[in-house]
Amino acid sequence: MRTSLAGAVAALALLGAAPAGAQTIRDALDRLRVGWNAPTSPFRVIGPVHYVGTNGLASYLITGPDGHVLIDTVMPEATGQIRANIEALGFKLADIKLLLNTHAHLDHTGGFADLKRETGAALVVGLKDKPLMESGTYPGNPDAALGFPAATVDRTVTDGDTVSVGPLALTAHATPGHSPGCTTWTMDVEEAGRRHGIVFFCSGTVALNRLAPNPTYPGIVEDYERTFATAPSIRGDVLLAPHPEMYGMAAKRARIAPGAPNPFV
């Protein structure tokens with residue numbers, strides 16, 4: 001969490017800094033941008049799933065014969081890195097048919113408006129995150145520092161809904177709290193003759209949310225309780241997430257080697 005926004009704000013609080021007001025948020029974001037926007041080379045994670053994000057923020061390209069799916073983007077100013085990473089892997093941006101979001105926060109939505117325009121792909125988000133995506137705002141916080149380019153949503157999903165592009169099929173799981181429409185995505189892939197279940201987990205952290213006395217949004221505490229109770233039932237043997245440190249991406253990537261077991265399983 002030390003490289004996440006939540007970790008930065010929590011660290012400031014522990015050090016006796018002022019409450020997380022507008023200037024504190026801007027200062028934290030300025031520091032985090034350095035690591036979040038640092039480039040990294042793209043790579044195949046497992047099956048048709050590829051990491052195409054930055055060093056500090058994840059974006060996943062899932063490739064298929066009938067078109068591709070992109071899960072999450074990064075900060076607005078780093079969207080060009082996603083384009084370059086997709087092309088470096090030999091794929092075309094124009095073949096993206098679906099844009100999926102885990103949650104509508106600026107560090108995971110910054111490129112949707114541009115990529116939607118460029119590809120014509122349909123944007124899919126959790127039902128309760130649609131107002132945030134289409135207004136480019138953080139729930140319960142009007143600070144412009146947390147804003148992002150708004151994008152029109154083409155489809156919303158709730159728990160158990162599925163989306164597909166040809167043989168690629170993903171299931172939405174409602175894991176609210178971190179955002180009202182926080183959505184965890186799952187899919188099955190095959191590698192070396194074995195089936196694997198991938199979990200693109202949304203998040204379960206409090207981050208800049210307020211739980212009491214003035215909650216970020218009505219029902220947020222109940223949403224977190226629901227997620228903590230139900231998330232363990234989401235099955236899979238490959239855990240991925242919006243922030244690479246959430247699943248030890250760097251250490252696992254370092255263990256990728258020809259003939260060796262896939263370290264992400």
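Helices here are DSSP runs of H or I with at least four residues, strands are E runs with at least two, and both are numbered from the N terminus. That's how to read aspartate 72's address, the loop between strand 4 and helix 3. Everything below comes from a predicted model.

**View 1. Aspartate 72, a positive phi without a glycine.** Most residues other than glycine have a negative phi. Aspartate 72 goes the other way, with a positive phi of about 65°. Look for this aspartate in the loop between strand 4 and helix 3. With a relative accessible area of 1%, aspartate 72 is buried.

**View 2. Alanine 192, another positive phi, this time exposed.** Alanine 192 isn't a glycine either, yet its phi is positive, near 55°. The residue sits in the loop between strand 10 and strand 11. Its relative accessible area is 78%, and exposed means over 50%, so alanine 192 counts as exposed.

**View 3. Helix 3 meets helix 5.** Two packed helices are described by the angle between their axes and the distance between the axes. For helix 3 (residues 79-88) and helix 5 (residues 112-119), the axes come within 9 Å and cross at roughly 45°. Angles from 35 to 65 degrees fall outside the parallel and perpendicular bins, so this pair is oblique. The crossing of helix 3 and helix 5 is right-handed. On the helix 3 side you'll find Thr79, Ile82 and Arg83, and they meet Asp114, Leu115 and Glu118 of helix 5. Sorted by type, the residues of this contact come out as 2 nonpolar, 1 polar and 3 charged.

**View 4. Helix 5 and what covers it.** Which residues of helix 5 are buried? They are Phe112, Ala113, Leu115, Lys116 and Thr119. An α-helix has 3.6 residues a turn, so residues three or four places apart point the same way. The cover over the buried residues of helix 5 includes helix 3, helix 4 (106-109) and helix 6 (130-135), plus strand 4 (68-71), strand 5 (96-100) and strand 6 (122-126). Right after helix 5 comes glycine 120, with a positive phi near 75°.

**View 5. Isoleucine 96 and its contacts.** Isoleucine 96 belongs to strand 5. Its relative accessibility is 1%, so isoleucine 96 is buried. Leaving out residues up to four places away in sequence, isoleucine 96 touches Leu61, His68, Leu70, Ile86, Thr119 and Ala121. Isoleucine 71 is 25 residues from isoleucine 96 in sequence, and the C-alpha to C-alpha distance between them is 11 Å.

**View 6. The disulfide of cysteine 182 and cysteine 202.** A disulfide is a covalent bond between the sulfur atoms of two cysteines. The count for this model is 1 disulfide. It joins cysteine 182 to cysteine 202, with an S to S distance of 1.8 Å. The torsion about the S-S bond is about -100°, so the disulfide is left-handed. Cysteine 182 is in the loop between strand 9 (168-174) and strand 10 (183-191), while cysteine 202 is in the loop between strand 11 (194-200) and helix 7 (220-230), so the bond ties together parts 20 residues apart in sequence. Are these cysteines buried or exposed? Cysteine 182 and cysteine 202 are both buried.

**View 7. A cis peptide bond at proline 213.** Most peptide bonds are trans. The one from alanine 212 to proline 213 is cis, with omega near 0°. Proline 213 is found in the loop between strand 11 and helix 7.

Technical notes
Residues numbered from 1 in each chain as written. Predicted model: local features only at pLDDT ≥ 70, side-chain atom pairs only at ≥ 80, totals over all residues. Heavy atoms only, no water. Axes fitted to C-alpha atoms, helices over the stretch in contact; angles between N-to-C directions. Parallel < 35°, antiparallel > 145°, perpendicular 65-115°, else oblique. Left-handed = near helix turned anticlockwise from the far one by under 90°. Contact = heavy atoms within 4.5 Å. Nonpolar A, V, L, I, M, F, W, Y, C, P; charged D, E, K, R; others polar. Disulfide = S-S within 2.5 Å. Buried < 20%, exposed > 50% of the residue type's maximum accessible area, 1.4 Å probe, protein only.
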